Amino acid sequence: MAEKTKGLISIDAPADAVMSVIADFEAYPQWVSAAKSVSVLAVDADGRAERVRFVLDAGMVKDTYELRYSWAADGNAVSWELVSGEIQKAQSGSYTLEPDAKGATKVTYQLTVDLTIPMIGLFKRKAEKIITDTALKELKKRVEG
């Protein structure tokens, strides 16, 4: 898969508060503008989502897809891979949280998406950048209230 598109934001909250918002998938439709419904299909031994189905409507882009999640033991990172999708043939991404000394958290979001429809690399990277920037802004707004 191609190089990931990366975004970075600082959120004025502790890392555990940020991760609890990221991990609360069923609440995504309340704050992720493109998420129409999100369902946890399976959880791991620690009760964290392992497989999640998303119904996405981002205007011209509509998709129903399933992701498989892997959680870092320290609670400061989560990554995912596409299991199945209607218009996506691949997706991988991650959130990595770095707490700072002042109680804020630096959040790094990485994403790569490959669609079943051909797309010029420049447009694909631009779309990934918009998705990444929007995801981080919506996360910051949700966590900071």
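Here is a walk through this predicted model, from its sheet to its core.

Let's begin with the sheet. Seven strands make up an open, antiparallel sheet, and their order is β1-β7-β6-β5-β4-β3-β2. The strands at the edges are β1 (5-11) and β2; each has a single partner strand, so one side of each is left without a neighbour in the sheet. On average, neighbouring strands are turned by 20 degrees against each other, direction ignored.

At one edge, β1 pairs with β7 in the antiparallel sense over 7 bridges. You can find this pairing at Gly-7, whose bridge partner in β7 is Tyr-109. Helix α1 (residues 15-23) packs on the sheet, where it touches β1, β4 (61-71), β5 (77-85), β6 (88-99) and β7. The direction of α1 makes about 160 degrees with that of β6.

At the other edge, strand β2 (residues 35-43) and strand β3 (residues 49-58) run antiparallel and pair over 7 bridges. Val-40 of this pairing stands opposite Val-52 in β3. The two strands form a hairpin with 5 residues between them, and in its turn Gly-47 has a positive phi of about 85 degrees.

A second hairpin is worth a look, that of β6 and β7. Antiparallel strands β6 and β7 are joined by 11 bridges, and Thr-96 has Thr-108 in β7 as its bridge partner. This hairpin has 5 residues between the strands, and Gly-103 takes a positive phi near 95 degrees.

Now stay with β7 itself. Of its 11 residues, 9 are buried, so the strand is largely enclosed by the rest of the structure. Thr-105 lies in this strand, which covers residues 105-115. How buried is Thr-105? Its relative accessible area is 0%, and buried means under 20%, so Thr-105 counts as buried. Leaving aside neighbours within four places in sequence, Thr-105 is in contact with Ile-9, Ser-10, Ile-11, Ala-13, Pro-14, Ala-15, Val-18, Leu-97, Glu-98 and Pro-99. One of these, Ala-15, offers its backbone nitrogen, which the side chain of Thr-105 reaches at 2.9 Å.

Finally, turn to the nonpolar interior. In soluble globular proteins, nonpolar side chains tend to be buried together. Here the largest nonpolar core has 35 residues, and Tyr-95 and Leu-139 are the ones that touch the most other members. Not counting residues up to four places away in sequence, Leu-139 touches Ile-11, Val-18, Val-21, Ile-22, Trp-31, Tyr-95 and Val-107. Ile-11 and Val-18 also appear among the contacts of Thr-105.

Note on methods:
Residues are numbered from 1 along each chain as its sequence is written. This is a predicted model: local features need pLDDT of at least 70, side-chain atom pairs count only at pLDDT 80 or more; totals for chains, interfaces and linings use all residues. Side-chain values use heavy atoms; hydrogens and water are left out. A nonpolar core is a set of buried Ala, Val, Leu, Ile, Met, Phe, Trp, Tyr and Cys residues joined through side-chain atoms within 4.5 Å. Buried means under 20% relative accessible area, exposed over 50%, partly exposed in between (1.4 Å probe, protein chains only). Contact means heavy atoms within 4.5 Å. Two strands pair if DSSP finds at least two bridges between them. Helices (H or I, at least four residues) and strands (E, at least two) are DSSP runs, numbered from the N terminus. A polar contact is a pair of N or O atoms within 3.5 Å; within protein, one must be able to donate a hydrogen and the other to accept it, and residues adjacent in sequence count only if both atoms are side-chain atoms. Axes are lines fitted to C-alpha atoms, for helices over the stretch in contact, and angles run from 0 to 180 degrees between N-to-C directions.
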